Amino acid sequence: MSDSILVRAGRPYGQEPVDIVIDGDRIAAIAEVGTATADRVLDAQGCVVLPGLVDLHTHLREPGREHAETIESGSRAAALGGFTCVHAMANTSPVADTAGVVEQVWRRGIECGLVDVRPVGAVTVGLEGRQMAELGAMASSAAAVRVFSDDGLCVHDPLLMRRALEYVKAFDGVIAQHAQDPRLTEGAQMNESELSGRLGLAGWPAVAEESIIARDVLLAAHTGSRLHVCHVSTAGSVEVIRWAKSRGMPVTAEATPHHLLLTEELVSTFDPVYKVNPPLRRRADVEALRAAVLDGTIDIIATDHAPHPREDKDCEWAAAAMGMLGLETALGIAAQVVTRDEHTRGDGEPSTDWQAIAQLMSVAPARIGRVADQGQPIEPGSIANLAIWDPSVEMTVSGERLASRSGNTPYAGFTLPGAVRHVLFRGRPSVVDGGLA
Amino acid sequence: MIGRHLLSAQDLTSADAVRILDTAGELATVTDRSVKKLPTLRGRTVVTLFFEDSTRTRISFELAAKRLSADVINFAAKGSSLSKGESLKDTALTLEAMGADAVIIRHGASGAPYRLANAGWIQGSVINAGDGTHEHPTQALLDAFTLRNHLRAGSGDLAGARVAIVGDILHSRVARSNVALLRTLGAQVTVVAPPTLLPYGVDTWPCDVGYDIDDVLPHVDAVMMLRVQAERMAGSYFPNELEYSRRYGLDSRRMALMPAEAIVLHPGPMNRGVEISAEVADSPRAVVVEQVTNGVHVRMAVLYLLLGGGPEELMVEGADR
Amino acid sequence: MPERTVLDASDVRRAVRRMSHEILESAKGVDDLVILGIPTRGVYLARRIAAAIQEIEEIDAIDGHGVPCGSLDITLYRDDLRLREVRALEPTSIPPEGIDGRVVVLVDDVLYSGRTIRAALDALADVGRPAAVRLAVLVDRGHRELPIRPDFIGKNLPTSQSETVHVHLTECDDDDSVTIAQVSQ
């Protein structure tokens, strides 16, 4: 189909409304409202237009755990969430530690055709933390892997982490570390705190995250390599990263929507929908992460979308799997959290900083992942990956109605301040009027 | 009264706790005779669902239910979801289909009774017989009952009583329930342990904390010794049993430091020679056997108070006839 | 709703005294007698009856030869437990002599449907085997639902089921009296 498309009266980055004309896979023109024409019109009156969202941290579960999610169901969930690109983590079965597996995932993503699926390559063979995987082969493959991570597990051995950081410089790769010292967190179930002491659940101390980050930023500085820190969850981690950046160290960092909103108090219900790794932390940690997102210490918001089948959550806490869904609710939560006090809405509430969100959820993740076609500015000549958000409708979250194959969302019953109306993926509509095109 | 379930000692108000203890006291009187059976829960079905081995606690609950004429089913659920046995949910649905009025659950995972009570799988009452390292409310109740009999002539609360709890507080559900319940009843509690066996944040608990048992013992009305497990040495919590016993074990020398009327409690089973010496365990100041007897009466009281009244649907207005 | 007094303080005292004489006469003395009151007010009445008997027979209760007197809580034996929220237990205190082979006199304030006494008989059966069980009540208001009849009655008081009968005793109320009130249905 090569009809031209007009996105009518949308507000790029929340600013003044314009008409956007898309031809082929690019933005052809940006015009005054009411002056442009095209073969097909998508009404975006009152909506915010953002560059298509880019998730640097998603679990699509395929190959190996298709009962939880597949590349297709995950792509649907991503598109409905406003994403046009997701990085699929390597902890599949088989692990994505060879060119063969990453190319399989990449091709499947193309077949589904709803988002760019960028496979993440494992750092170590089988995620076992002992031997470096074929990082070069994965980088040279058709999947062109640039992000490498053992996420789910920590690259614990300092020598191995050093070697991996050095090795990926050859192809402008980045190591994304899941910072969790395994010896300090054996059998851990929740944040280590007064609450864990009272509830009798083994604690996951903040120092187990902070000590690994501290080590890794020093290694990255020493080797001159890029380091990315996954799902930062504590105030102490924020301070380490802030210090590292002030020293010019090459580190980027992400925070998840749930770590920007939810606290460990929810664990006292013993409902495993709140069980996640890293765990929900204290209010002070949530506040520190929010401030870090606003001041740039945290570079991106990434979902860590982690689907699990019902039987892995419908049980006692200790037996439950760790992880929460995130793709379809991320933008709604970001809209509540990424705000600027000096812009207030009519009702006195601080209003969403859409420029910052575009940076946090599209531009910066595309840059870190070296995805040239994503996170481009909304201007003529850019590839047309666009997310169109309607702030006037409210969306109440329900586990069954999400497109993900699993239902483990901690936000069941929450009302989000808006919904995705349309999404354009490489110039073609993937989502129209809130539903898959 | 105390609600539909008994999941945690922290949920009990002072009035609730005293009511349970008073009821246990009456039941103790009433069953102190040759016919120990009461017809009160006849026709009700009580299930013991024990995922962890514990013959003593299970028998205590079984006896309590049978003395009230309830039917008892013992479900020895060896598998947990982790060991690929039938899942907690499926087990619960099976019990519900059998018409269990109450499920008494002991499980290795903290919070399992909450899932059972709140997931909507069963209609009956849930009694927590010990969940992971979280709580063991009926143990705390029988300990409070024992303390009340000795220190307060069997009535009222425990205001002003001084109790020390010594041992692996970190991994002890008995300690957590006892600290909460004793405090609710007005007692003054001190926990004593090496720093490695104290939970993170114990300084926020409603009790004092001490590392030195010899400093604490002269100032208590009762000491509760907790079992220390050999597996803890593998986690480097303390070097070996000998050092633990030397620094924290209750032997005759230490018992002599306590005030003359002070008593010794232990939830059992005891590691004679580790946390408690054989002489102390067999001395008249150790009330361990009484705790076991009291356990049955307290559990009868809990069963009566949870199941002895009507479900909303059956209740009628108006005065008694 | 207006309450009317059907027995005043002196009526109550005379009734207790008369019942105590009748109990003594029927038992031909105090040997083997055990008085058990049903909580709450039955217990106070039982104590008054035991004291009255001791006075009539000129028994010196202090050296341990008093009439054995105690309480029998019937809550655990009720047939209507499930019709209400769970009830608190009342004290049970059986005198050390026990009840085996003795004449037990159950004492309650008001006899109505008879179910309380039925429960008391079941409770007694689990305590021991009395030679005989007699029933003393201050007020019999009729409307029996079971074949239970009192042996010693303070006052026969025919009532309608829309009325309630209250016994007041100074041990726990303002005065000694029996009142009837209409309950609006």
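This report describes the contacts between the chains and between the domains of a predicted model.

## Basis of the model

Residues are numbered from 1 along each chain as its sequence is written, and chains are lettered from A, with ligands numbered from 1, in the order in which they are written. In this predicted model, local features need pLDDT of at least 70 and side-chain atom pairs count only at pLDDT 80 or more, while totals for chains, interfaces and linings use all residues.

## Chain B with chain A

Chain B contributes 23 residues to its contact with chain A, which contributes 18 residues; two residues are in contact if their C-beta atoms, placed from the backbone, lie within 7 Å. On the chain B side, α3 (88-97), α4 (112-118) and α6 (173-184) give two or more residues each (helices are DSSP runs of H or I, at least four residues, and strands runs of E, at least two, numbered from the N terminus). The largest share, three residues, is that of α4(B).

This side of chain B holds eight nonpolar, 11 polar and four charged residues. Ala, Val, Leu, Ile, Met, Phe, Trp, Tyr, Cys and Pro count as nonpolar, Asp, Glu, Lys and Arg as charged, and the others, Gly among them, as polar.

## Chain C with chain B

Between chain C and chain B, 19 residues of chain C meet 20 residues of chain B. Helix α3 (residues 115-127) of chain C supplies the largest share of the chain C side, four residues. That side comprises 10 nonpolar, three polar and six charged residues.

## Domains of chain A

Chain A is assigned domain 1 (5-48 + 383-436) and domain 2 (53-368), with bounds from an automatic or database domain assignment. Their C-alpha centres lie 25 Å apart.
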